[in-house]
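Student: Could you take me through one part of this structure slowly? I'd like to see how one helix is built and what it touches.

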Amino acid sequence: VMVAGAAELSVPDQRPSSLEGTSEPGGWAMTDRFGNLIPTGELRQLFEYYLSALGEEELSQLVARIRLALSVLEEPARGQALDTLGRYLDYKLALSDLEAAYGEAGSSGPGEMERRMLEIQALRRTWMDAETADAFFADEEAIDRYQLRRRSIRRDDSLTDEQRENALAEA
């Protein structure tokens, strides 16, 4: 997206009002012994922390804020984090297009929900490597799978109440 262009922007001291009184998420600056970035859910939280102020500030300004936060990293981790940010922003744009397409379609049956979930997972792995996608979305995807499985079990009329309870417990 515009990760490179945001480098020239200066970051105002005044934070967006929605971020006032909050602190930047920590625990995201993880590297291996070679100085490579270790992608974590906390890194995604850092991105989302600033992106949540979209509308109060332009995207380019928020990207500049994220770049500033990432500047504490040494190379090669800094470059890898900036690359991850660019890919994450591209993913968010593609996701927004997908959501718009589903909004126009209107249908949301169980098959449709599962297809949508699989498309979103595929989109994540198109824009990000598997390790980053897993670090960023593993919990969310596990919950999605559980909810789909639960819905499927509840709708299965071939199950007795006891079988249904056992299947739900197993899920």
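Tutor: Let's look closely at helix α5 and then at some of its surroundings. A word on the ground rules: this is a predicted model, where local features need pLDDT of at least 70 and side-chain atom pairs count only at pLDDT 80 or more, while totals for chains, interfaces and linings use all residues. Residues are numbered from 1 along each chain as its sequence is written, and side-chain values use heavy atoms, with hydrogens and water left out.

Helix α5 covers residues 130-155. Helices here are DSSP runs (H or I, at least four residues), numbered from the N terminus. If the 26 residues made a straight helix, they would span 38 Å, but the end C-alpha atoms of α5 span only 33 Å. That expected span is 1.5 Å times one less than the number of residues. Now look at F137: a kink of about 65 degrees in α5 is centred there. The bend at a residue is the angle between axes fitted to the seven residues ending there and the seven starting there.

For contrast, try α2, where the 12 residues should span 16 Å and the end C-alpha atoms are indeed 16 Å apart.

Back to α5. At its start, a side-chain oxygen of D129 reaches to within 3.1 Å of the backbone nitrogen of E131. Further along, F137 turns up again among the buried residues of α5, together with T132, A133, F136, E141, L148 and I153. Buried means under 20% relative accessible area, exposed over 50%, and partly exposed in between (1.4 Å probe, protein chains only).

So what does α5 meet? The axes of α5 and helix α1 (residues 41-51) come within 7 Å and cross at roughly 90 degrees. These axes are lines fitted to C-alpha atoms, for helices over the stretch in contact, and angles run from 0 to 180 degrees between N-to-C directions. The two helices are therefore roughly perpendicular, a label for angles of 65 to 115 degrees. On the α1 side, the contact is made by G41, L43, R44 and F47, and on the α5 side by A135, F136, F137 and E140. Contact means heavy atoms within 4.5 Å.

Finally, zoom in on R44, which is found in α1. With 18% relative accessibility, R44 counts as buried. Leaving aside neighbours within four places in sequence, R44 is in contact with F136, F137 and E140, and also with Y88.

Methods. Polar contact = N/O pair within 3.5 Å; in protein donor to acceptor, adjacent residues only side chain to side chain. Parallel < 35°, antiparallel > 145°, perpendicular 65-115°, else oblique.
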